[in-house]
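The exercises below concern charged and aromatic side-chain contacts. Work through each task before reading its solution.

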Amino acid sequence: MKPHFHKVPMQTESSFSIRHDLVPDFRTSMHYHPEYELHLLIKGEGVRFIGDNISNFSPGEVVLLGKNLPHGWHCKKEYFQDNENAEMETIVIHFSPNFLGDDFLSLPETRLLPILFEKAKGGMVFLNNTRKKLSSLMLLAAESENLDRIIFLLSILKILSESTEYQPISKRDSFFRSNEFETERLNRICSYTMANYGKDINLAQIASISNLTVTSFCRYFKLITKKSYYTFLTEIRISHACHFLIEDKLCIDQIADRCGFYNISNFYRQFKKVMGVTPLNYKRDYFMAEKSGNKLHLA
């Protein structure tokens with residue numbers, strides 16, 4: 001969906017920004033900014049939107065976002081159902097490539113960083129041992145001051161640039177910049193879809209929320225997101241189905257019904273189309289990876 005520009009707050013006495021947030025909910029509209037973003041999710045579950053990708057997020061995830069890459073996070077309401085006092089906890093680092101000066105990337109010792117920043121244009125999610133190392137360093141960096149902050153960030157950049165344990169997230173397509181009105185309209189669409197994905201949503205309903213006719217809405221949504229609304233809705237439903245599968249409390253028929261698929265054959269077909277595997281194989285692969293100590297990143 002169409003993102004809006006976000007001004008990252010930077011303190012005048014700091015060369016980069018690092019935040020340790022603990023909040024009762026976590027919901028950000030689609031936005032972009034010229035700074036690179038390194039994001040560690042410590043507590044919480046939900047759906048993230050990065051470029052053209054819609055995926056689940058869960059504790060321990062470490063994501064690097066390139067400059068001006070559209071992104072947003074939405075916590076799933078299921079996360080709070082069993083615990084009303086559940087919280088979302090994140091550490092977020094924002095930095096510019098030249099945070100140590102204009103000649104920083106010209107140094108022979110930093111030759112791997114431009115390669116890293118090129119790969120980060122579509123976003124990267126880091127896995128296995130790299131994820132564990134980054135998590136530890138980001139926690140330390142969030143508590144550090146003065147030169148220690150820079151030392152920790154350089155250590156983090158070293159690990160990021162040398163690692164092969166990552167998966168790309170999004171295609172590097174261009175996107176439309178938006179004005180405030182358009183941003184609000186598209187975020188209304190997203191919020192409504194997240195709240196009602198298990199129900200029968202028709203185009204007339206979602207078009208009325210957008211203050212557009214059905215024909216205009218379909219044309220508009222396809223232009224902005226490069227996919228139809230029903231494709232978007234299906235991806236949201238499948239991301240929630242993945243959550244219920246690994247939660248392992250419901251049978252397949254119940255999951256399909258709760259996620260808005262009232263035909264079990266259609267659920268299997270759409271799940272295989274989006275995820276590349278059947279629901280049962282997804283569940284099996286997830287628990288096998290968890291048992292081996294390597295968290296599976298499929299959704």
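**Exercise 1.** By about how much of the helix are Phe 217 and Phe 221 separated in helix 6?

Solution. The model is predicted: local features require pLDDT of at least 70, side-chain atom pairs count only at pLDDT 80 or more, and totals for chains, interfaces and linings use all residues. Residues are numbered from 1 along each chain as its sequence is written, and side-chain values use heavy atoms, with hydrogens and water left out.

Step 1: helix 6 covers residues 214-225, and Phe 217 and Phe 221 are four residues apart in this helix, so about one helical turn separates them. Helices (H or I, at least four residues) and strands (E, at least two) are DSSP runs, numbered from the N terminus.

Step 2: Phe 217 has a relative accessible area of 0% and Phe 221 one of 1%. Both values fall in the buried class (under 20% relative accessible area; exposed is over 50%, partly exposed in between; 1.4 Å probe, protein chains only).

**Exercise 2.** Describe the ring pair of Tyr 36 and Phe 117, and place both residues in the chain.

Solution. Step 1: rings of Phe, Tyr and Trp (its six-membered ring) pair if their centres lie within 6.5 Å; planes under 30 degrees apart count as stacked, over 60 as edge-to-face and the rest as tilted. The whole structure contains 19 aromatic pairs. For Tyr 36 and Phe 117, the ring centres are 4.5 Å apart and the planes stand at 35°, so the pair is tilted.

Step 2: Tyr 36 belongs to strand 4 and Phe 117 to helix 1 (residues 112-119), 81 residues apart, so that the pair links distant parts of the chain. Tyr 36 and Phe 117 are both buried.

Step 3: one aromatic cluster includes Tyr 36 and Phe 117, together with Phe 16, Phe 95, Phe 99 and Phe 104.

**Exercise 3.** Compare the settings of the salt bridges Lys 43–Glu 89 and Lys 158–Glu 162.

Solution. Step 1: a salt bridge is a side-chain nitrogen of Lys or Arg within 4 Å of a carboxyl oxygen of Asp or Glu. The structure has eight of them.

Step 2: in the bridge between Lys 43 and Glu 89, the closest N and O atoms are 3.9 Å apart. Lys 43 lies in strand 4 (residues 36-43) and Glu 89 in strand 9 (residues 88-95), 46 residues apart. Lys 43 is partly exposed at 37%, whereas Glu 89 is buried at 13%.

Step 3: the N to O distance between Lys 158 and Glu 162 is 3.1 Å. These two residues are four apart in helix 3 (residues 147-162), about one helical turn. Lys 158 is partly exposed at 49%, and Glu 162 is partly exposed at 47%.
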